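The following exercises concern the structure shown below. Each consists of a task and a solution worked step by step.

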Amino acid sequence: MHPQHDDKLHPYPVQQLTECKSAAFFFCVAFGGIYDVSHAHKHSVDEVTLVDINADKLKEAKKFYSPEWNYIHGDAFEVATELLKENKSFDLVSCDPWTGMQSKIYKDNFLDFYNITNKYMVFLATKEYLYSLGIDIADVTQISSYLSKLHNLNLNVVSVIKRSDYKSGVYWVTIKIDK
C-alpha cells in the first residue's frame, strides 16, 4: 500500500470500488495515486490499469502497487480511444485530471470514457467548475440531468464526495452506468 494512504485524508467512493473486479485510473500518478489508486490497492481490485502521461511518476507508482497491474504511459484521451477501439472495458473508470481539464473530461471526451465503463465512472469535479455551468455540487439530480442532456444518455450520479477544499472544493462525482 502507498505509504501516505489514509481513508480520512483521501476519501474515495470505495463502496462502488468494492463492487468492481476491474478498474482503470486515468491522470492518476501525480501524487503517487493516493487520491484514487491506493483505494484499489487496499480493496484488492483484481485487474487494474493505470494511465498517465508522466512516465517517471508511473514508474515510481509501480514500486508501490502490484507489478501485475497494467501501467500505460500515454495521453489519457488517446489511450481511452485506443482501449475503446480494442473493445476493452472496466467495471470502474476513474479520472483525476488537473482541475483546468474538467471540460475535456465532462464535455469533449466523456463518451470515450463512458464506452469503456461497465458499472461506474468516478470523475473529479470542482464546485467552481460545476457552479460555472449553473450546477449545485450538492444536487446529484442536477448533475445527472446536465450530463444526460449533454450526452443524450440516461446517467445517474449516485454520490458526490468531497476530496479537498482546493478551488472552493474538489469532489469525486460517481456516475452509475446502466447500458
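Buried means under 20% relative accessible area, exposed over 50%, and partly exposed in between, computed with a 1.4 Å probe on protein chains only. The model is predicted: local features need pLDDT of at least 70, side-chain atom pairs count only at pLDDT 80 or more, and totals for chains, interfaces and linings use all residues. Residues are numbered from 1 along each chain as its sequence is written, and side-chain values use heavy atoms, with hydrogens and water left out.

**Exercise 1. The sheet**

Task: Determine the order of the strands in the open sheet and identify which strands stand at the edges.

Solution. Step one is to fix the terms. Helices (H or I, at least four residues) and strands (E, at least two) are DSSP runs numbered from the N terminus. Two strands pair if DSSP finds at least two bridges between them.

Step two gives the order: the seven strands run E3-E2-E1-E4-E5-E7-E6, and their pairing is mixed. Step three concerns the edges. Strand E3 (70-73) and strand E6 (156-164) each have a single partner strand, so one side of each is left without a neighbour in the sheet. On average, neighbouring strands are turned by 15° against each other, direction ignored. For such angles, axes are lines fitted to C-alpha atoms, for helices over the stretch in contact, and angles run from 0 to 180 degrees between N-to-C directions.

Step four examines individual pairs. Strand E2 (residues 47-52) pairs with E3 in the parallel sense over four bridges, and Leu50 has Tyr71 in E3 as its bridge partner. Strand E5 (residues 117-126) and E7 pair in the antiparallel sense over seven bridges, with Phe123 opposite Val173 in E7. E6 and E7 also pair in the antiparallel sense over seven bridges, and Ile161 stands opposite Trp172 in E7.

**Exercise 2. The loop between E6 and E7**

Task: State which residues in the loop between E6 and E7 have a positive phi without being glycine, and whether they are buried or exposed.

Solution. Begin with the hairpin of E6 and E7, which has five residues between the strands. Lys167 lies in this loop and has a positive phi of about 55°. With 31% relative accessibility, Lys167 counts as partly exposed. Turn next to Ser168, found in the loop between E6 and E7, where phi is near 65°. Ser168 has a relative accessible area of 52% and is exposed.

**Exercise 3. Strand E7 and the cores**

Task: Describe how E7 is covered, and state which residues have the most contacts inside the largest nonpolar core.

Solution. First, six of the seven residues of E7 are buried. Thr174 lies in E7 and, at 0% relative accessibility, counts as buried. Contact means heavy atoms within 4.5 Å. Beyond its neighbours within four places in sequence, Thr174 is in contact with residues including Pro13, Tyr120, Val122 and Val158.

Second, a nonpolar core is a set of buried Ala, Val, Leu, Ile, Met, Phe, Trp, Tyr and Cys residues joined through side-chain atoms within 4.5 Å. The largest such core has 34 residues, and Phe26, Phe113 and Ile175 have the most contacts inside it. H4 gives the most to this core, with five residues. A second, separate core of 25 residues includes Cys20, Val29, Val122 and Trp172.

Third, consider H4 itself. Helix H4 (residues 76-85) lies across strand E1 (22-26), E2, E3 and strand E4 (90-95), and runs at about 150° to E1. Not counting residues up to four places away in sequence, Phe26 touches Ala76, Val79, Ala80 and Leu83, among others.

**Exercise 4. Empty space**

Task: Which residues line the largest cavity, and which lie nearest the centre of the largest pocket?

Solution. Start from the rule. On a 1 Å grid over the protein atoms alone, a cavity is a set of points where a 1.4 Å probe fits but cannot get out; a pocket is an open set with protein on both sides within 12 Å along at least five of seven lines; lining residues have an atom within 4 Å of a point. Grid points are joined across faces, edges and corners, and a volume is the space filled by probe spheres set on the points.

Then take the cavity. The largest has a volume of about 30 Å³ and is lined by Tyr106, Tyr129, Leu130, Leu133, Ile135, Ile143, Tyr146 and Leu147. H8 gives the most to this lining, with three residues. Helix H8 (residues 140-151) lies across E6 and strand E7 (170-176), at about 115° to E6.

Finally, the largest pocket has a volume of about 510 Å³. Of its 28 lining residues, Phe27, Ala30, Asp96, Pro97 and Trp98 lie nearest its centre. E2, H4 and E6 each supply at least two residues of the lining.
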